[in-house]
Amino acid sequence: MNATGKGRWWALGALSLSLLAVGLDLTVLNVALPTMAVSLRADTGQLQWIADAYTLVLAATLLPAGQLGDRYGRKRLLLTALVVFGAASAACAYAPNTGALIAARSVLGMAAAFLMPLSMSVLAVLFSPAERPKAVAVWATANSIGIPLGPIVGGWLLDRYWWGSVFLINVPLVIIAVVATALLVPESRSARRSRLDVPGVLLSAAGLVSVTYGLIEAGERGWGDAVALGTMAGGVVLVALFVAWQRRTTHPLADLALFSSREFTWGTALATVANFCMFGLLFALPQYYQAVDGADSLQTGLRLLPMIGGLLVGVRLMDRIGRNLTPKVIIAVGYVAVAVGLGLGATTSPHSGYGFIATWLTILGFGIGCAMPTAMSVAVSQLTAERSGAGSALQMAVRQVGGAVGVAVLGTVLNNGYRSHLDGQAPDAVRASVNVGVRVAEALHSPALLANVRAAFTDGMSATLWVSGGISLVAVALAVVFLPGRSATIGGGDTEVVHRTESEVIA
């Protein structure tokens, strides 16, 4: 049964606004981090948690969110998630300290995890099979366009208002979505009530948080710190227990049997590498632009456009010629371009011109545009209609984990590189972050300290780019060795087909 009339398209538009807010929150924070570092007196480790709290909780909650919607009603939980998302956005905007902001960002990620799969699942209720491809295209566009818009919107807001404004922009979008969803979206739930895998949820969440916490603490305390290493080891054990439990339970949270498919396994892994590199770069580069290059918030957002432009060119080019090439070739070429871009980026100095940075960002974006959507298409190409929902959710969760781990690992490399290159006579305060370091040097009227802080951060960023470039070369080898040589249909984005069966019932 489907909704009738033009109202369903208005409902889709409202849901798209909520998805736009989700996409914005994945990247809008990056240009605000330098401002937050000063306003909240946050060190690099706290900045990593502010960025990672949202993505980690989002990844950990994606899989159970779909199950809960099937069981208790999608519209009901969608409305609840929208209200929580709006309230958490306001809490982020007015957070008095880093601890409160991290907690609010965690709640925001949990709400976003419900909005993504539930908004997609109601498309089958709203639209007929003939209309669904168009509806899914609108859904996917809204889901992805917020990511490149985030730095630009955030920069514009930060130039005019305080840092909390980057979160308050969500509130009017959510209000519109709540009203439209309540009036236009029918309730639906699955006739089969699968039991929620509570142990799986707890094990996966605890494992992910523990590993990430250990990585971030290693950057703060050093890689020989017992607490950091112990927490990482505990997280790995928890993840191993999660995998063992998923193989044993009759109602698994994640369908691990999907990984028996070589296409799904390596397609997901290679798409995750792109998230790892991209989110790590988006953590470091805005800080370089503002602290080292002296750009304001809006200029920072605009200076990320070459990467987005390169990405769009890569996607469009693969749409045109991808059918004549194998996924192995496309992904390998894409990651070669990523490695070249990152290698050039690693030679960036405090005095590099914007033309040089724009060049390597464009090459990097082009490579990601070639590799990531192709790898995603490979992953889902072998899934049956019955397993497409589970496969898409699992792939989405793994990619979000890759983004969170990218911020944790590369942020730790950045932090270590920055601190190790500071002058031994530098005040302790400058060790907190490059943004604080610049403020301290300016307050002391010390050009020598300012030059040292900027050079030290650039050296740290170069180290992160070398690490990312090495991982990209590993991705080239993985694509060549493990991906099939035959042709495959290559999609140009984060679009997933909605499948539903006769088990759908309208409440």
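## Phe85 and the nonpolar core

Leaving aside its neighbours within four places in sequence, Phe85 is in contact with Ala21, Val22, Asp25, Tyr54, Leu108, Ala111, Ala112, Leu115, Asn170 and Val174. The model in which these contacts appear is a predicted one, and every value in this report was computed from it. Phe85 also belongs to the largest nonpolar core, a set of 144 residues, where Phe85, Phe167 and Tyr335 are the residues with the most contacts inside the core. Helix α11 gives the most to this core, contributing 18 residues. As a general background, nonpolar side chains tend to be buried together in soluble globular proteins.

## The chain as a whole

The chain contains 18 helices and 2 strands, and 55% of its 507 residues count as buried. When contacts between residues at least 6 apart in sequence are considered, 84% of them join residues that are at least 24 apart. The chain exposes about 19,500 Å², and carbon and sulfur atoms supply 66% of that area.

## Helix α11

Helix α11 runs over residues 262–292, and because each residue should add 1.5 Å, its 31 residues should span 45 Å, which agrees with the 44 Å between its end C-alpha atoms. The helix nevertheless bends by about 25° at Leu282, and a proline, Pro286, follows within four residues. After the helix comes Gly294, whose phi is positive, near 80°.

Most of α11 is covered, since 27 of its 31 residues are buried. One residue that lies in this helix is Thr268, and with a relative accessible area of 1% it counts as buried, because the cut-off for that word is under 20%. Apart from its neighbours within four places in sequence, Thr268 is in contact with Glu263, Ala379, Gln395 and Val398.

## Helix α10

Helix α10 covers residues 226–248, and its 23 residues reach 33 Å from the first C-alpha to the last, close to the 33 Å expected at 1.5 Å a residue. At the start of this helix, a side-chain oxygen of Asp225 reaches to within 3.1 Å of the backbone nitrogen of Val227. Within α10, the residues Ala228, Met232, Gly235, Phe242 and Gln246 are buried.

## Gly469 in helix α18

Gly469 lies in helix α18, which covers residues 447–482, and Gly469 is buried, with a relative accessible area of 9%. Once its neighbours within four places in sequence are left aside, Gly469 is in contact with Ala339 and Leu342. The C-alpha atoms of Gly469 and Leu344 are separated by 9.6 Å, although these two residues are 125 residues apart along the chain.

## Two loop residues with positive phi

Most residues other than glycine have a negative phi, which is a useful background for reading the next two cases. Arg41 has a phi near 55°, a positive value in a residue other than glycine, and Arg41 is found in the loop between α1 (7–39) and α2 (44–72). Arg41 counts as exposed because its relative accessibility is 75%, and the word applies to values over 50%.

His445 also has a phi near 55°, again a positive value in a residue other than glycine. This residue is found in the loop between α17 (434–443) and α18, and His445 is exposed, with a relative accessible area of 69%.

How values were computed:
Residues are numbered from 1 along each chain as its sequence is written. This is a predicted model: local features need pLDDT of at least 70, side-chain atom pairs count only at pLDDT 80 or more; totals for chains, interfaces and linings use all residues. Side-chain values use heavy atoms; hydrogens and water are left out. The expected span of a helix is 1.5 Å times one less than its number of residues. The bend at a residue is the angle between axes fitted to the seven residues ending there and the seven starting there. Buried means under 20% relative accessible area, exposed over 50%, partly exposed in between (1.4 Å probe, protein chains only). A nonpolar core is a set of buried Ala, Val, Leu, Ile, Met, Phe, Trp, Tyr and Cys residues joined through side-chain atoms within 4.5 Å. Contact means heavy atoms within 4.5 Å. A polar contact is a pair of N or O atoms within 3.5 Å; within protein, one must be able to donate a hydrogen and the other to accept it, and residues adjacent in sequence count only if both atoms are side-chain atoms. Accessible areas come from the Shrake-Rupley method with a 1.4 Å probe; for residues, only the protein chains shown count as cover.
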